[in-house]
Amino acid sequence: MAGPDRNWSYPETGLLKEWPVGGPALLWETLDAGKGYSSPVLVNDRLYITGMNEEENREVFSAYTLDGRKIYGVEYGRHWKDSYPETRTTPSIEGDKAYVISGAGEIVCIHIEKGDILWKVDGETAFGKQTGTWGTSECPLVFDHRVIYTAGGEQTTMVALNAGTGETLWKSPSLEDKTAYVSPLLISYQGRKQIVGSTGMRVTGVDQETGEIEWTFDDWGQNAIANGREKIAVNTPLYADGKIFVCNGYDMNSFQLQLREDLKGVDLVWRNDDLDTHIGGFVLVDGTVYGSNWITNTNGNWVAVDWNTGKTRYEMGWKGGKSKGSIITADGMLYCYDERRGTVGLVKPNPEEFEVVSEFRITKGEGPHWAHPVIHNGILYIRHGNALMAYNIQS
């Protein structure tokens with residue numbers, strides 16, 4: 001889950017508007033992060049990340065210095081044993097504690113100084129969690145001394161745990177639905193907070209104090225894959241001023257919802273059939289949503305959509321055989337990470353065309369390039385499988 005506000009946007013300034021030929025300067029790299037698709041998190045003088053152990057049968061939470069030296073690694077949970085077992089959970093850090101969720105659905109609290117596990121709750125035994133084909137792929141939402149976890153299944157839909165002890169604070173009613181692969185989002189509207197989450201078949205609004213499900217939306221559109229196959233929702237929605245933008249791949253496409261004044265329902269504002277982001281997220285910059293779409297599992301174009309109207313501004317390929325991928329934004333620029341070849345592009349947020357200013361290629365690591373880039377204090381962090389690299393992008 002990229003960005004401090006879960007919207008793939010970073011509050012950085014003073015960054016390069018063009019990179020040297022061959023890319024920005026590499027500050028350091030390491031090949032011992034363990035296999036995973038999660039992104040690093042930086043707090044104070046440390047970097048934290050999750051990956052698999054050497055035997056590839058457990059998930060590991062690791063701490064590094066800011067020059068790439070590993071301080072410790074602690075095994076915290078079971079990996080997902082079926083398709084794509086690599087770690088997904090980007091840690092959430094609050095104070096001196098980290099919160100992660102394993103692919104098997106264990107919610108774990110870790111003290112970040114030495115890596116001690118403080119508590120662990122198994123989502124299967126405690127809440128009867130039910131996932132789709134690719135297990136649990138959620139980053140925990142942590143706020144107001146509580147940890148939010150989407151369990152799914154017949155017992156509950158979403159739960160809140162005490163961040164200090166792991167005790168259950170509330171359980172929402174069950175929608176008798178499996179989980180999706182979406183990290184929940186805390187929003188604020190009309191002076192109230194609400195959690196926006198997703199299950200396999202619905203987008204939901206949950207009261208953050210009680211766990212009451214205040215609204216659901218299940219009209220994914222006529223192009224959504226049906227015939228018994230789960231809807232593969234992966235991307236956390238974007239939120240701004242009472243409007244919620246939902247977008248996922250496999251022809252599920254995208255739509256915008258308007259929250260009602262009492263937060264008890266939503267109304268459909270518009271749909272767009274060109275932007276259906278597979279895995280890589282999307283960003284909102286100056287009234288335009290930017291992201292990539294799904295054509296096949298290995299191919300897609302880059303798309304710009306007007307936030308207010310839902311009109312497609314452009315749909316363009318990335319020249320040179322690059323494909324769809326992840327996107328973040330900082331300091332008035334887009335950072336796009338091609339998932340197939342590993343090209344990182346610096347792109348102007350131009351609603352008329354996909355305008356690549358500079359690019360370079362990641363050659364270390366293995367597997368799909370699915371981890372979202374991260375920017376912190378003028379440094380761009382790229383993760384590819386077991387490889388983690390840091391680049392200087394300060395001007």
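In this predicted model, S62 lies in strand β5, which spans residues 58-65. S62 is buried, because its relative accessible area of 1% falls under the 20% cut-off. Beyond its neighbours within four places in sequence, S62 contacts L47, Y48 and I49. Contacts of S62 with K70, Y72 and G73 complete that set.

Strand β20 covers residues 243-248. Five of its six residues are buried, and the strand is thus mostly covered. β20 pairs with strands on record here as β19 and β21. Strand β19, residues 238-240, runs antiparallel to β20 and is joined to it by three bridges. Within this pairing, L238 stands opposite F245 of β20. The two strands form a hairpin with two residues between them. D241 sits in the turn and has a positive phi of about 55°.

Strand β21, residues 253-259, is also antiparallel to β20, and six bridges join the two. Here F245 stands opposite Q256. Four residues separate the strands of the β20 and β21 hairpin. In that hairpin, Y250 takes a positive phi near 60°.

F245 also figures in the nonpolar packing. The largest nonpolar core has 55 residues. F245, Y335 and I375 touch the most other members of that core. Leaving aside neighbours within four places in sequence, F245 is in contact with P237, L238, S254, F255 and Q256. The contacts of F245 further include W270, L275, F282, V289 and W307. A second, separate core holds 19 residues, among them A180, W215, W220 and I244. In soluble globular proteins, nonpolar side chains tend to be buried together.

An open sheet is formed by five strands in the order β1-β27-β28-β29-β30, with mixed pairing. β1 and β30 (355-361) stand at the edges. Each has a single partner strand, so one side of each is left without a neighbour in the sheet. Inside the sheet, β27 and β28 pair in the antiparallel sense over six bridges. T329 has L334 in β28 as its bridge partner.

Salt bridges number 20 in the model. One of them joins the side chains of K17 and D331, at 3.2 Å from N to O. This pair links distant parts of the chain, 314 residues apart. K17 lies in the loop between β1 (9-10) and β2 (25-30). D331 lies in the loop between β27 (325-330) and β28 (333-338). K17 is partly exposed, with a relative accessible area of 42%. D331 also counts as partly exposed, at 23%.

R78 and E106 form another salt bridge, at 3.0 Å from N to O. These residues are 28 apart and link distant parts of the chain. R78 is in strand β6 (residues 70-78), whereas E106 is in strand β9 (residues 106-111). R78 is partly exposed, with a relative accessible area of 26%. E106 is buried, because its relative accessible area of 4% is under 20%.

D267 and R260 form a further salt bridge, their closest N and O atoms being 3.0 Å apart. D267 is partly exposed at 36% relative accessibility. R260 is partly exposed at 39%. Finally, a network of salt bridges links R192, D207, E212, E214 and K264.

How values were computed. Residues numbered from 1 in each chain as written. Predicted model: local features only at pLDDT ≥ 70, side-chain atom pairs only at ≥ 80, totals over all residues. Heavy atoms only, no water. Buried < 20%, exposed > 50% of the residue type's maximum accessible area, 1.4 Å probe, protein only. Contact = heavy atoms within 4.5 Å. Salt bridge = Lys/Arg side-chain N within 4 Å of Asp/Glu carboxyl O. Core = buried A, V, L, I, M, F, W, Y, C linked by side-chain atoms within 4.5 Å. Pairing = 2+ DSSP bridges.
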